[in-house]
Amino acid sequence: MTSPSTAQAVTALSPETLQSWFTEHQDLVVIDVRSAAEFESMHIRGSYNVPLPLLSEHTDELAARLGSRVVLVCQSGVRAEQARQRLAKAGISTAYVLTGGAPGFAAAGGDVVKGKDRWDLERQVRLVAGSLVVLGLAGGKFISPKIRTLAGVIGTGLTFSAATNTCAMGKAISAMPWNKAANEPTRESAILALPVTTEVNDEAKAA
């Protein structure tokens, strides 16, 4: 089993290990950084929803409430890794990223809560990006060659997204009405509602 003392070298956590941690460690905090709509669709029982944009805006405040055993969850691990890096800068150097995200945990037999079925944000990004590329190529052939530049713009954007580990398209799509939940998390409902960990690991809070 991976221990917090080696978290600086190993930041990935398997679904099986997380399942055992739920029963073995009372100080465990699992934070799901997906959108509220994705969280409503399916999430790990006992996890807290703090969407990545909200976490990014209040990283220091969130870090002050966390202890040494933090697991970050998203759909595939990309957003959770972004959250881990932000928390590391705020002093939480022992956060883990769940391998395979929430779907991987469910597939491994983990306890999850299921709600209304929705496409996850990353799947929506692939659909939009692919559709725009096809539109650019088809438009360039049948309407005007200039429309082909659309495919190039999308390709450039995806390359930049991979290089910077960010996704402007994903951020834009997450703001669409169908990706909004009935109760969107706020600083008060998501961050200030988290229990304050009384025993904080010195290494996790070191600058």
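Start by selecting Ser47, which sits in the loop between β3 (42-44) and β4 (48-49); helices (H or I, at least four residues) and strands (E, at least two) are DSSP runs, numbered from the N terminus. The model is predicted: local features need pLDDT of at least 70, side-chain atom pairs count only at pLDDT 80 or more, and totals for chains, interfaces and linings use all residues. Residues are numbered from 1 along each chain as its sequence is written, and side-chain values use heavy atoms, with hydrogens and water left out.

**Stop 1: Ser47**

Ser47 counts as buried, at 11% relative accessibility. Buried means under 20% relative accessible area, exposed over 50%, and partly exposed in between (1.4 Å probe, protein chains only). Show the side chain of Ser47 and the backbone oxygen of Ile44: the side chain reaches that oxygen at 2.6 Å. Leaving aside neighbours within four places in sequence, Ser47 is in contact (heavy atoms within 4.5 Å) with Val30, Asp32 and Phe39. Asp32 is 15 residues from Ser47 in sequence, and their C-alpha atoms are 6.4 Å apart.

**Stop 2: strand β2**

From Asp32, extend the selection to β2 (residues 29-32). Val29 and Ile31 lie on one side of this strand, Val30 and Asp32 on the other, and all are buried, so both faces are covered. In a regular strand the side chains alternate between the two faces of the sheet.

Add β5 (70-73), which pairs with β2 in the parallel sense over 4 bridges. Two strands pair if DSSP finds at least two bridges between them. In β5, Val73 stands opposite Asp32. Now add β4, which also pairs with β2 in the parallel sense, over 2 bridges. There the bridge partner of Asp32 is Asn49.

**Stop 3: Gln75**

Next select Gln75, in the loop between β5 and α5 (78-89). Gln75 is buried, with a relative accessible area of 15%. Its side chain and that of Arg34 are joined by a polar contact of 3.1 Å. A polar contact is a pair of N or O atoms within 3.5 Å; within protein, one must be able to donate a hydrogen and the other to accept it, and residues adjacent in sequence count only if both atoms are side-chain atoms. Not counting residues up to four places away in sequence, Gln75 touches Arg34, Glu38, Gly100, Gly101, Ala102, Pro103, Asp120 and Glu122.

**Stop 4: helix α5**

Select α5, a helix of 12 residues. Its first and last C-alpha atoms are 17 Å apart, close to the 16 Å expected at 1.5 Å a residue; the expected span is 1.5 Å times one less than the number of residues. Buried here are Arg79, Ala80, Gln82, Ala83, Arg84 and Leu87. The cover over the buried residues of α5 includes α2 (36-41), α3 (52-57), α4 (59-63), β5, β6 (95-98) and α7. Just after α5, Gly91 takes a positive phi of about 110 degrees.

**Stop 5: helix α7**

Move on to α7 (residues 121-142), whose 22 residues reach 31 Å from first C-alpha to last, close to the 32 Å expected. Leu121, Glu122, Gln124, Val125, Ala129, Gly136, Gly139 and Gly140 are buried in α7. They cover an arc of only 160 degrees around the axis, which puts them on the same side of α7; the arc is that of the directions from the helix axis to the C-beta atoms. On the face turned away from the buried side, look for the exposed residues Arg126, Val134, Lys141 and Phe142.

**Zoom out**

The chain contains 11 helices and 7 strands. Of its 207 residues, 43% count as buried.
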